[in-house]
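The following exercises concern charged side chains and the parts of a chain that they join. Please work through each task with the model in view before reading its solution.

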Amino acid sequence: MFSKSKIHEPGPKAASETEKPKAADATPTARPLGDFAPAARNKPAVSVLSSDLTVVGNIKTTGDIQVEGVVEGDIRAHLLTVGESATIKGEIVADDVVVNGRVVGRVRGLKVRLTSTARVEGDIIHKTIAIESGAHFEGSVQRQDDPLQGTGAPKLAPPSTSEA
């Protein structure tokens, strides 16, 4: 399972000399800085709603958002972080939800985390949940494999009698 390291043992010089040209051939040629092309698309920065900001209306983004102020409306995002001084009155739908502040409304998320400073009044529908000691929660908790698809699901109408 464990073997003695061979780092300090001398090796044949012929093998190391033949490997050096191969390594030199494999290195890419240097490009000027003006030709720089990123290998992957950069992730956009987190949108922050500061503590002195009040938003009345819905917020929708495919990125990450951090709320420190007050939002009166629904929020849909990839990652939503509710700051300690924040208050959200509306439904939250996000892949990841971290609540440090106050939420009045339904929370839907794949991963939902209520920290010790969280105050949640509403139902939580989740795939995984973590509730730290000290968090205040009033509502119901329901686990679903895909909690994000629960929004906008049509309810079945009662059967009607057709006259022919």
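**Exercise 1: a shared glutamate**

In this predicted model, the side chains of Arg 108 and Glu 91 meet in a salt bridge, with an N to O distance of 3.4 Å. Determine which parts of the chain this pair ties together, and then which residues are linked in a network of salt bridges.

Solution. Begin with the positions: Arg 108 lies in strand E10 while Glu 91 sits in the loop between E7 and E8, so the pair ties together parts that are 17 residues apart in sequence. Next, Glu 91 also forms a salt bridge with Arg 106, where the closest N and O atoms are 3.9 Å apart; since the cut-off is 4 Å, this distance falls within it. That pair, too, links distant parts of the chain, for Arg 106 is found in the loop between strand E9 (102-104) and strand E10 (107-114), 15 residues from Glu 91. Taken together, Glu 91, Arg 106 and Arg 108 are linked in a network of salt bridges.

**Exercise 2: buried or partly exposed?**

Classify Arg 108 and Arg 106 as buried or partly exposed.

Solution. Arg 108 has a relative accessible area of 5% and is therefore buried, the limit being under 20%. Arg 106, at 37% relative accessibility, counts as partly exposed.

**Exercise 3: a pair between strands**

Identify the strands that hold Arg 102 and Glu 121, and describe the accessibility of Arg 102 and of Glu 121.

Solution. Arg 102 forms a salt bridge with Glu 121, the closest N and O atoms being 3.2 Å apart. Arg 102 belongs to strand E9 and Glu 121 to strand E11 (residues 119-121), 19 residues apart. Arg 102 counts as partly exposed at 32% relative accessibility, and Glu 121 counts as partly exposed at 39%.

Note on methods: Residues are numbered from 1 along each chain as its sequence is written. This is a predicted model: local features need pLDDT of at least 70, side-chain atom pairs count only at pLDDT 80 or more; totals for chains, interfaces and linings use all residues. Side-chain values use heavy atoms; hydrogens and water are left out. Helices (H or I, at least four residues) and strands (E, at least two) are DSSP runs, numbered from the N terminus. Buried means under 20% relative accessible area, exposed over 50%, partly exposed in between (1.4 Å probe, protein chains only).
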